[in-house]
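Work through the exercises below with the sequence and the structure at hand. Each task is followed by a solution in steps.

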Amino acid sequence: MTTKLRIGVIGLVHDHVWGVLEEVKKVENAIVTCVADVNKPLLAKAKERGIKTYESHADLLAEEKIDAVFVYTENSRHADVTELAAEKGLHVLVEKPMAATLAQASRMVRASKKYGVKLMVNYPTAWNANFREARRLANEGEVGRVYQVRYRAAHAGPKEIGCSPYFYDWLYNRDLNGAGAFMDYCCYGANICRWILGVPEKAVALGGTYVRDYLTVEDNAVLLMGYKKAMGISEASWSQVGEGVPPQYTLSINGSEGNMVAAKELRVFKPERRSWESIAVPPLEDGKRNAVEHFVSCIREDEPFDDVVSAELNRDAQAILEAGLMSMQQDRAVYLRELGSGE
């Protein structure tokens, strides 16, 4: 491929899209040529960036000559758009989580395989150098046998921190999001625990509307993932007051011979040192520094995506989330084998 990768963006209602559009500008061999969304104010923002706009994604797919699509719709629409794009031979990037349900995620995997296109699920945490180094060290036995992985994602709430109404309106809709804070933020821990520990045997989850009484979805949730010799913990909050304590975006890895904590820095505790040590973390390698760079690099070089953003791993993460939702609804542990193929 000698020309620039031509990208169409479908959906502008996920606020992360604006940062991704800025990332595209920094990648020499890619360009966003068109966007589609039903909201005219959002299309106006895209026009200001010199991008051709459509109110219908069907029209965009029918009229534009593009190589790939970035999907920034509501979670529940990821599968429909992915299937349409894949049928046209277009590679697809969707923002996390993969979908609103396991059945939708399974449809996406099937479509990508049927039409031979690449499908990537973008988790912003995938481009965190401290997290990547923590995982590498854990795999190499730096803290012995890992028996617990924990990730906490927390802020005051989408509306409270200034997300656009186009974004938080659907985050607060169970059908469009898949849940509330559980789907929005426990998805990170499901993705990370699947990446580090593999697929768990079972899941247990709790959640509720504890603070933001105007919501009809949960504003706080905890997802526990049970393995034979380990556990994963994913915490989500849309009501945390203040920063830093408890930690907001922190990965903790506990092992039989030490501990690691990755946030704005990576620290390791080993018994023989008797104190925490800050670890020098190498910069991310070329092709893995952000979502756009990685997507474009893998498309152009016909290479598989890194496992943490692959369709297969994130289909598993969606299964973990589905088991967690069932656990909350049925007040019991849910074994992932109960879910079958997710069809």
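**Exercise 1. A hairpin and its strands**

Find how many residues link β9 to β10 in their hairpin, and describe how β10 pairs with other strands.

Solution. Begin with the link: β9 and β10 are connected as a hairpin by four residues. The model in which this is seen is a predicted one. Next, take the pairing inside the hairpin. β9 covers residues 220–226, and seven bridges hold it antiparallel to β10. One of the bridge pairs is Gly226 with Met231 of β10. Then look for another partner of β10. Strand β7, residues 146–154, runs parallel to β10 and is joined to it by seven bridges. Here Ala154 has Ser237 of β10 as its bridge partner. Last, consider how β10 is placed. Of the seven residues in β10 (231–237), six are buried, so the strand is largely enclosed by the rest of the structure.

**Exercise 2. An open sheet**

Give the strand order of the six-stranded open sheet, name its edge strands, and say which strands helix α1 lies across.

Solution. Write down the order first: β3-β2-β1-β4-β5-β6, with parallel pairing. The edges are β3 (52–54) and β6 (119–122), each of which pairs on one side only. From one strand to the next, the twist averages 25 degrees. Now take the β3 edge in detail. β2, residues 30–36, runs parallel to β3, and three bridges join the two. Within this pair, Cys34 is bridged to Lys52 of β3. Finally, place the helix. α1 (residues 16–25) lies across β1 (5–10), β2, β4 (68–71) and β5 (91–95). Its direction is at about 150 degrees to that of β2.

**Exercise 3. A cavity and one residue of its lining**

Determine how many cavities of 30 Å³ or more the structure has and which residues line the largest cavity. Then describe the surroundings of Asn75.

Solution. A search of the whole structure gives one cavity of 30 Å³ or more. The space in the largest cavity is about 30 Å³. Its lining consists of His14, Asn75, Lys96, Pro97, Trp170, Leu171, Asn177 and Asp184. Sorted by class, that makes three nonpolar, three polar and two charged residues. Now turn to Asn75, which sits in the loop between β4 and α4 (78–87). Its relative accessible area is 1%, which is under the 20% cut-off, so Asn75 is buried. Leaving out residues up to four places away in sequence, Asn75 touches Lys96, Pro97, Ala99, Ala100, Gln104, Trp170, Leu176, Asn177 and Met183. Among these contacts, Lys96, Pro97, Trp170 and Asn177 also line the largest cavity.

**Exercise 4. Two helix residues**

Decide for Ser112 and for Gln329 whether the residue is buried or exposed.

Solution. Start with Ser112, which belongs to helix α5 (residues 102–115). Ser112 has 6% relative accessibility and therefore counts as buried. Apart from residues up to four places away in sequence, Ser112 is in contact with Val117 and Leu119. Go on to Gln329 in helix α11 (residues 311–330). The relative accessible area of Gln329 is 65%, over the 50% cut-off, so Gln329 is exposed. As a further step, compare distance in sequence with distance in space. Gln329 and Gly207 are 122 residues apart along the sequence, while their C-alpha atoms are 9.6 Å apart.

Technical notes
Residues are numbered from 1 along each chain as its sequence is written. This is a predicted model: local features need pLDDT of at least 70, side-chain atom pairs count only at pLDDT 80 or more; totals for chains, interfaces and linings use all residues. Side-chain values use heavy atoms; hydrogens and water are left out. Two strands pair if DSSP finds at least two bridges between them. Axes are lines fitted to C-alpha atoms, for helices over the stretch in contact, and angles run from 0 to 180 degrees between N-to-C directions. Contact means heavy atoms within 4.5 Å. On a 1 Å grid over the protein atoms alone, a cavity is a set of points where a 1.4 Å probe fits but cannot get out, and a pocket is an open set with protein on both sides within 12 Å along at least five of seven lines; lining residues have an atom within 4 Å of a point. Grid points are joined across faces, edges and corners, and a volume is the space filled by probe spheres set on the points. Ala, Val, Leu, Ile, Met, Phe, Trp, Tyr, Cys and Pro count as nonpolar, Asp, Glu, Lys and Arg as charged, and the others, Gly among them, as polar. Buried means under 20% relative accessible area, exposed over 50%, partly exposed in between (1.4 Å probe, protein chains only).
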